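Trainee: I'd like a close look at one part of this model, please. Could you take me through it slowly?

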Protein chains: 2
Amino acid sequence: MSSKENAADQSAAGPGSPSPKAPERAHPVTLREVAEAAGVSTATVSLVVNKKKDARIAEETRQRVKDAIRALGYRPNAMAKTLVSGTSKFIGLVADGVATTPFAGQIIHGAQDEAWKHGYALLIANTEGNSELERDAISMMLEYKVRGILYSTWFHRQTDVPAPLREADFVLVNCFSSEQGARAVVPDEVQGGRSATEILLAHGHRRIAFINATIPAPAKDGRLQGYRKALENAGIPFDPDLVMEAYPDQEGGYLATAGLLKRGASAVYCYNDRMAMGLYDGLREQGLSIPDDMAVVGFDNQEVIAAHLRPPLSTVALPHYELGAAGVRMLLGIDAAAEGPARIHCPPVERASVQVRAHA
Amino acid sequence: MSSKENAADQSAAGPGSPSPKAPERAHPVTLREVAEAAGVSTATVSLVVNKKKDARIAEETRQRVKDAIRALGYRPNAMAKTLVSGTSKFIGLVADGVATTPFAGQIIHGAQDEAWKHGYALLIANTEGNSELERDAISMMLEYKVRGILYSTWFHRQTDVPAPLREADFVLVNCFSSEQGARAVVPDEVQGGRSATEILLAHGHRRIAFINATIPAPAKDGRLQGYRKALENAGIPFDPDLVMEAYPDQEGGYLATAGLLKRGASAVYCYNDRMAMGLYDGLREQGLSIPDDMAVVGFDNQEVIAAHLRPPLSTVALPHYELGAAGVRMLLGIDAAAEGPARIHCPPVERASVQVRAHA
DNA sequence: CTGAAAGCGCTAACAT
DNA sequence: ATGTTAGCGCTTTCAG
């Protein structure tokens with residue numbers, strides 16, 4: 001018929017032919033068809049399908065309906081259901097970078113698990129920071145009548161709430177806003193910084209250096225603050241000379257080696273694991289051993305790095321999974337929102353880069 | 001009234017009070033309301049909203065409708081639209097591990113971008129390999145009338161097609177099945193292995209070791225096959241003694257050092273980057289330098305590792321992003337499905353772990 | 001060029 | 001204990 005030949009004989013082929021790649025979609029069975037097959041009304045089928053407790057259906061009828069459902073391979077149409085109820089079982093997740101960082105995926109993962117637990121499905125959109133994409137994504141979610149939207153960023157930072165987001169119930173994840181009533185969950189950087197430092201303190205170190213990041217961020221301030229708190233709790237005076245700064249990656253850590261060694265510290269807490277990885281190289285180059293010559297802790301618990309350096313790196317985990325999960329809980333009102341962002345605990349992870357020593 | 005006091009005054013507060021955390025959801029404006037506001041019928045509004053080309057609407061009317069839409073803040077209800085059309089603008093992505101591997105997220109990312117490009121949104125479900133969860137996830141997607149489902153695994157492997165998946169249009173991503181007509185996209189391991197080896201060949205190496213994985217997988221076979229092909233093309237006889245096996249992580253690579261050095265190779269191609277990372281440590285311990293004493297290439301292009309080792313590691317990238325994107329294209333019929341899985345190119349990435357040498 | 005009306009598949013009163 | 005019926009918000013003939 002048409003000018004396209006190759007498609008023709010495929011569809012013309014008999015029902016028995018398992019043609020290589022043709023997906024054969026079929027009949028969407030409806031409630032009514034099930035009702036007819038079972039010889040009951042649609043209302044009855046609906047009651048059976050939804051297992052309504054208060055509805056009394058004769059066991060015999062129920063069975064007949066169930067059989068019909070199975071026989072026809074009925075699937076409820078969630079769209080129709082949603083149309084009636086007005087709100088879907090979707091939670092939207094708008095992320096500015098699924099790609100950018102290896103653990104950004106954990107936010108999705110946590111959100112997905114938690115959402116699922118409460119009967120919700122996750123609708124995701126990656127905006128790569130493009131604000132036009134962002135508006136479109138939010139619009140789409142609004143049109144699908146999502147229960148709410150999680151707006152997440154790949155690194156902890158302050159953000160503006162995009163206007164259309166306000167039309168939905170939303171929670172900021174891994175970011176926060178100065179805006180009135182914007183609920184948010186973020187990692188507890190201060191506690192994390194304290195925990196990192198305390199790992200070192202617990203092993204008897206007193207002269208602990210901190211290589212902070214050069215670039216401004218809530219993490220930079222929070223982790224330093226945590227470091228100071230830990231020292232304070234331990235009765236050790238803060239020595240500004242022990243705080244250095246470096247670009248927060250392997251190269252930065254490597255380059256910080258010389259400066260660190262000048263300061264005569266016995267232990268160092270690095271802003272992140274990547275920095276620690278670079279520092280490992282630097283120390284090794286000097287013939288120094290970890291943890292004997294220098295105990296090291298990182299931050300982030302970036303699995304591929306931290307767990308597999310030689311020796312494995314003690315660090316503090318960024319709770320991305322928990323951020324996603326907590327975001328969902330807050331959205332659904334399971335976790336109450338407090339004043340200001342909820343701070344999620346960053347659990348310390350001890351590994352061999354810090355060793356037991358005689359306590360001071 | 002109730003025993004709970006704290007919730008009471010919030011809801012009782014006047015409309016003007018910006019209470020800290022109360023999300024105030026409001027009016028779902030409908031098509032009809034817009035129609036009434038604009039003094040036209042719902043049909044007209046529908047035509048305007050959907051920019052139907054063939055419908056002639058007086059410019060004046062169109063404007064009136066648009067104004068009403070803006071004034072009321074109208075959002076189309078995608079559920080209702082879907083109900084009418086029968087199929088949604090969703091593509092489902094079922095993954096067995098968003099969490100497990102740092103780059104699994106890239107599949108999501110690629111799928112999301114490509115889906116979006118064609119007007120589809122991604123609905124994701126993480127099953128963590130749990131087959132009950134998997135069934136539920138697929139059911140849910142079916143109920144939401146997804147356009148199709150991408151079924152993906154976090155490492156390249158053979159898989160069984162879960163029964164309910166067959167009810168949908170589906171494509172396997174990063175996995176494949178022996179089943180008739182199951183479309184699939186997988187990485188081209190053979191080409192990847194060849195490219196990895198060719199990087200070394202191009203730099204004049206003739207005696208190239210390959211540390212393969214101990215655990216069976218398509219990657220294990222394919223990468224070896226690629227290695228052999230590359231040698232063959234270069235006219236170098238295959239020497240089985242140069243092929244070793246180790247557990248594919250840092251520890252495995254480290255432990256393989258001694259065996260490697262015994263073999264007198266000038267270059268080594270590791271099954272993956274993690275292994276290469278361990279090997280770096282082993283070589284360094286022997287006081288050997290990369291690439292002068294030993295040129296190294298890895299596989300996977302695991303960013304946090306490969307780009308930041310000292311020296312940066314040459315490797316071959318696993319095209320996860322492309323896998324996701326290609327999966328979507330195949331699902332939508334944009335890329336035709338061939339016989340057998342589509343193989344996606346694994347691009348080589350050259351870094352300093354291989355250096356220019358005099359050609360043989 | 002625009003309005004009226006019939007559903008899409010389902011749920012939820014309200015009848016029986 | 002089950003059937004009837006009226007929509008949910010939208011698209012789409014079919015009339016005017």
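How much area is buried between chain A and chain B, and what percentage of that area do carbon and sulfur atoms give?

Mentor: Happy to, and keep in mind throughout that this is a predicted model. Putting chain A and chain B together buries about 6,200 Å², and carbon and sulfur atoms give 59% of that area. As for who takes part, the contact draws 69 residues from chain A and 69 residues from chain B.

Let's go on to the polar side of the interface. There are 26 residue pairs in polar contact between chain A and chain B, counting pairs with both residues at pLDDT 80 or more. The elements of chain A that each supply at least two residues to the side touching chain B are α5 (78-85), α6 (104-117), β2 (121-126), α7 (131-143), α10 (250-255), α12 (273-285) and α13 (303-306). By class, that side of chain A divides into 34 nonpolar, 15 polar and 20 charged residues.

With charged residues in the picture, salt bridges come next: six of them cross the interface of chain A and chain B. If you want one to click on, go to Asp281(A) and Arg284(B), whose side chains meet in a salt bridge at 3.1 Å, N to O.

Now zoom in on β2, one of the chain A elements just listed. β2(A) pairs with strand β2 (residues 121-126) of chain B, running antiparallel, over three bridges. To find your place in that pairing, start from Leu122(A): its bridge partner in β2(B) is Ile124(B).

For another contact to set beside this one, stay inside chain A. The domain assignment splits chain A into domain 1 (24-76), domain 2 (87-182) and domain 3 (189-318). Take domain 2 and domain 3 of chain A, whose centres, taken over C-alpha atoms, are 32 Å apart. Here five residues of domain 2 of chain A are in contact with five residues of domain 3 of chain A. The area buried between domain 2 and domain 3 of chain A is about 440 Å², with carbon and sulfur atoms giving 73%. On the domain 2 side of chain A, the residues touching domain 3 are three nonpolar, one polar and one charged. Between domain 2 and domain 3 of chain A there are zero salt bridges, and one residue pair is in polar contact, again with both residues at pLDDT 80 or more.

So much for the domains; back at the chain interface, keep the two β2 strands on screen, with their three antiparallel bridges, and then turn to the salt bridge of Asp281(A) and Arg284(B).

Methods
Residues numbered from 1 in each chain as written. Chains lettered and ligands numbered in written order. Predicted model: local features only at pLDDT ≥ 70, side-chain atom pairs only at ≥ 80, totals over all residues. Heavy atoms only, no water. Domains from an automatic or database assignment. Contact = heavy atoms within 4.5 Å. Buried area = accessible area lost by both parts, 1.4 Å probe. Salt bridge = Lys/Arg side-chain N within 4 Å of Asp/Glu carboxyl O. Polar contact = N/O pair within 3.5 Å; in protein donor to acceptor, adjacent residues only side chain to side chain. Nonpolar A, V, L, I, M, F, W, Y, C, P; charged D, E, K, R; others polar. Helix = DSSP H or I, 4+ residues; strand = E, 2+ residues; numbered from the N terminus. Pairing = 2+ DSSP bridges.
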